[in-house]
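Please have a look at the structure below and let us walk through it together. We will begin with one small detail and widen the view from there.

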Amino acid sequence: MTTTQTFEYAPGVVDEDDPLHGELMKLNMGPQHPATHGVLRLIVTVDGETMRELEPVVGYLHRGKEKTCETLGWRKFFVHTDRLDYVQPLMNNIGYAIALEKLAGLKVPERGQDIRVLLMELSRIAAHLIYLGTTGIDLGAVTMFFFTFNEREKLYDVLDAYTGHRMNNTYVRIGGVYADVDENVQQGIERFLDEFPAKVDEFESMLTGNRIWFDRNRNVGVLSREQALAWSLTGPNLRGSGVDHDLRKDEPYCGYDGYDFEVPVGTIGDCYDRYLVRIEEMRQSTRICKQALARLQDTRGGEFLAQDRRYVLPPKSEVRSSMEELIHQFKIVTDMELPAGEAYGAIESSKGELGFYVVSDGTSHPVRCHIRAPGLMNVQAIPLLARGRLISDIVAIIGSLDFVMGEVDR
Amino acid sequence: MTDLDRIRPAIAGLAVETLASRDGIAVLETTPAQLHELVARLRDACGFELCTFVTAVDRFPADPRFEVLWQLQSIAHGDRVRVRARVGGERPSVPTIVDLYPGAAFSERECFDMFGVVFEGHAGLKRLLMPEGYEHFPLRKDFPHQGIEPDRLYREWDRRRHEKAAP
């Protein structure tokens with residue numbers, strides 16, 4: 001019954017007249033290389049200019065997050081999830097919160113869910129802007145870096161006004177979010193969203209029809225549908241290969257099923273397709289954000305945090321006036337207990353499926369918290385895409401797979 | 001939510017215990033000996049085309065100590081399933097599924113790195129996140145949280161540096 005799948009790699013572009021042809025040389029790239037987007041090391045075996053074999057070496061940013069979670073306990077680990085994929089901290093918070101809510105059987109109020117959707121889509125835009133900027137600068141489009149970082153700065157100003165931090169916000173709690181979105185923040189986000197679609201058009205006008213961008217990306221790093229599935233790729237990388245799979249549509253969470261948006265899908269699965277998918281995702285995210293803002297307008301003044309006092313902190317006004325509530329707050333902060341059992345919570349992050357597999361024995365400290373990092377799978381696919389290609393293509397391939405080492409190494 | 005009616009006929013004849021979990025994903029508990037066959041049937045007959053992760057849970061001091069987990073996903077049917085096998089002993093080992101899911105390679109390496117669970121048949125099974133030559137398994141329950149410095153590795157690196165420096 002068992003069958004073994006074999007895969008054909010992209011055919012090599014070997015220059016037979018190359019005087020170095022046939023002589024294999026090992027080339028080290030990283031861990032301190034600007035094009036590796038962090039501390040990734042690649043050991044490339046080259047034949048002339050063609051890559052024959054490639055080995056990614058990860059772990060240079062390993063901080064033992066999963067072990068830390070077992071020691072700190074459920075609640076205090078929130079702040080660590082920000083540091084996983086540090087270009088989309090709010091998204092990581094929400095992924096972790098969803099896993100814990102599944103374990104606790106806790107329901108988030110509608111307004112809390114809408115705020116989460118808004119935060120997730122803003123994070124997705126921020127993360128895709130980083131992708132566009134860094135991949136652009138790696139392939140020679142230096143302007144892209146400045147243009148996208150300009151937009152990201154505006155977005156961070158908005159998040160700063162809301163959460164009080166530009167990065168590492170930790171604004172999500174079990175059962176909802178920490179504070180409500182007020183009128184000022186809402187107007188700030190609206191201003192950003194009004195200007196943003198024109199900016200996406202501007203990015204596209206610089207890249208999509210650009211001869212250099214096209215030649216560097218088209219037919220480079222081609223990933224077939226079957227390969228993408230077999231190599232556990234998710235997110236834009238999977239959709240770039242033509243698989244219509246998006247957790248927001250297929251396993252809706254946070255009320256995504258009530259939003260109107262489309263899932264862009266690529267055709268041949270090369271770097272260019274993955275680029276187009278991400279560009280379109282930014283537009284769709286803008287659409288979702290606008291819908292979320294309209295909903296927030298309707299539910300103004302509603303609950304945004306669940307009222308289950310087993311998991312949620314009592315309001316500050318009660319803590320300051322009642323000894324019992326003060327003790328209660330202290331108990332929740334130090335040892336909030338979750339029911340025994342196991343749960344897997346996953347969200348569609350900007351890199352793919354970000355999952356948290358949590359196991360509880362009924363105490364305040366987890367037995368296990370496994371982080372399913374989409375970035376690790378993206379790194380794993382580098383050799384698959386790079387074998388047989390010219391060495392200059394590695395930069396385009398790394399850029400298009402889009403990973404952040406904080407999440408890969410955990 | 002796992003559609004068990006779709007899975008049951010395919011796994012008939014295997015020693016599998018079906019358990020429920022809090023998130024609605026069914027857990028199929030099996031033995032390490034039957035694991036490869038079970039995963040192969042899930043892939044070929046039930047359409048679970050994507051391996052989400054491979055990991056383990058250390059239940060120290062229970063015996064057998066480790067629960068090794070494989071979570072599979074079917075995009076066509078929109079459901080997931082978790083396969084679990086318990087292993088223990090001095091050298092806990094389970095068969096590899098890299099021949100079925102090439103994408104499980106890094107997950108298996110990570111699990112070996114963190115728990116010391118050996119995946120039999122996995123060519124190139126080596127540490128993923130910790131340095132090569134490190135002697136401990138960090139996610140085991142008897143490993144201290146503050147960590148253990150790789151003293152032997154440091155001495156080895158020092159020795160090599162001195163050898164290089166000497167003419």
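Pro64(B) sits in the loop between E3 and E4 of chain B. In this predicted model, the peptide bond joining Asp63(B) to Pro64(B) is cis, with omega about 0 degrees. The loop between E3 and E4 of chain B also holds Pro61(B), and the bond from Phe60(B) to Pro61(B) is cis too, its omega being near 5 degrees.

From that loop, step out to the sheet. Chain B has an open sheet of five strands in the order E1-E2-E5-E4-E3, with mixed pairing. At its edges lie strand E1 (17-19) and E3 of chain B, each of which pairs on one side only. On average, neighbouring strands in this sheet are turned by 25 degrees against each other, direction ignored. One pairing to trace is that of strand E2 (residues 26-30) with strand E5 (residues 79-87) of chain B, which is parallel and runs over five bridges. Within it, Thr30(B) has Ala85(B) of E5(B) as its bridge partner.

Helices pack on these strands. H2(B) lies across E2, strand E4 (66-74) and E5 of chain B, and runs at about 170 degrees to E5(B). H3(B) packs on the sheet as well, touching E3 and E4 of chain B, and its direction makes about 10 degrees with that of E3(B).

Where does chain B meet its partner? The contact takes 29 residues from chain B and 35 residues from chain A. On the side of chain B, helix H2 (32-46), strand E3 (50-58) and helix H3 (105-115) each supply at least two residues. E3(B) gives the largest share of that side, six residues. By kind, the residues on the side of chain B that touches chain A are 16 nonpolar, seven polar and six charged.

Now cross over to chain A, which has 17 helices and eight strands. Its C-alpha atoms fill a box of roughly 85 × 45 × 45 Å along the principal axes. How does its radius of gyration compare with that of a compact globule? For 410 residues such a globule would come near 22 Å, and chain A has 22 Å, so the two agree. Of these 410 residues, 49% count as buried. Take the contacts in chain A between residues at least 6 apart in sequence: 71% of them join residues at least 24 apart.

The largest nonpolar core has 150 residues, and those touching the most other members are Ala99(A), Leu100(A), Val358(A), Ile382(A), Ile397(A) and Val117(B). Helix H4 (residues 110-138) of chain A contributes the largest share of this core, 13 residues. Leaving aside residues up to four places away in sequence, Ile382(A) touches Leu54(A), Pro56(A), Ile397(A), Ile398(A) and Leu401(A).

Val358(A) leads us to a pair of strands, since it stands opposite Cys369(A) in E8(A). Strand E7 (residues 352-360) of chain A and E8(A) pair in the antiparallel sense over five bridges. Are the residues of E8(A) buried or exposed? In strand E8 (residues 368-372) of chain A, five of five residues are buried. Both of its faces are covered, with Arg368(A), His370(A) and Arg372(A) on one side and Cys369(A) and Ile371(A) on the other.

For a contrast, turn to strand E1 (residues 24-29) of chain A, which is hardly covered: zero of its six residues are buried. Six bridges join E1(A) to strand E2 (residues 41-47) of chain A, and the two run antiparallel. Met29(A) stands opposite Leu42(A) in E2(A).

Glu53(A), in strand E3 (residues 50-57) of chain A, counts as partly exposed because it has 14 C-beta neighbours inside 10 Å. Apart from residues up to four places away in sequence, Glu53(A) touches Thr45(A) and Arg387(A).

Two loop residues round off the tour. Asn219(A), in the loop between helix H7 (211-217) and helix H8 (225-230) of chain A, has a phi near 60 degrees, a positive value in a residue other than glycine. Cys254(A), in the loop between helix H10 (247-250) and helix H11 (271-298) of chain A, also has a positive phi, about 55 degrees, although it is not a glycine. Why does Cys254(A) count as buried? It has 24 other C-beta atoms within 10 Å, and 20 or more make a residue buried. Asn219(A), with 14 other C-beta atoms within 10 Å, is partly exposed.

Terms used
Residues are numbered from 1 along each chain as its sequence is written. Chains are lettered from A and ligands numbered from 1 in the order in which they are written. This is a predicted model: local features need pLDDT of at least 70, side-chain atom pairs count only at pLDDT 80 or more; totals for chains, interfaces and linings use all residues. Helices (H or I, at least four residues) and strands (E, at least two) are DSSP runs, numbered from the N terminus. The radius of gyration is taken over C-alpha atoms; the globule rule is 2.2 Å times the number of residues to the power 0.38. A residue is buried if 20 or more other C-beta atoms lie within 10 Å of its own, exposed if 12 or fewer, and partly exposed in between; C-beta atoms are placed from the backbone. Two residues are in contact if their C-beta atoms, placed from the backbone, lie within 7 Å. A nonpolar core is a set of buried Ala, Val, Leu, Ile, Met, Phe, Trp, Tyr and Cys residues joined through C-beta atoms within 7 Å. Ala, Val, Leu, Ile, Met, Phe, Trp, Tyr, Cys and Pro count as nonpolar, Asp, Glu, Lys and Arg as charged, and the others, Gly among them, as polar. Two strands pair if DSSP finds at least two bridges between them. Axes are lines fitted to C-alpha atoms, for helices over the stretch in contact, and angles run from 0 to 180 degrees between N-to-C directions.
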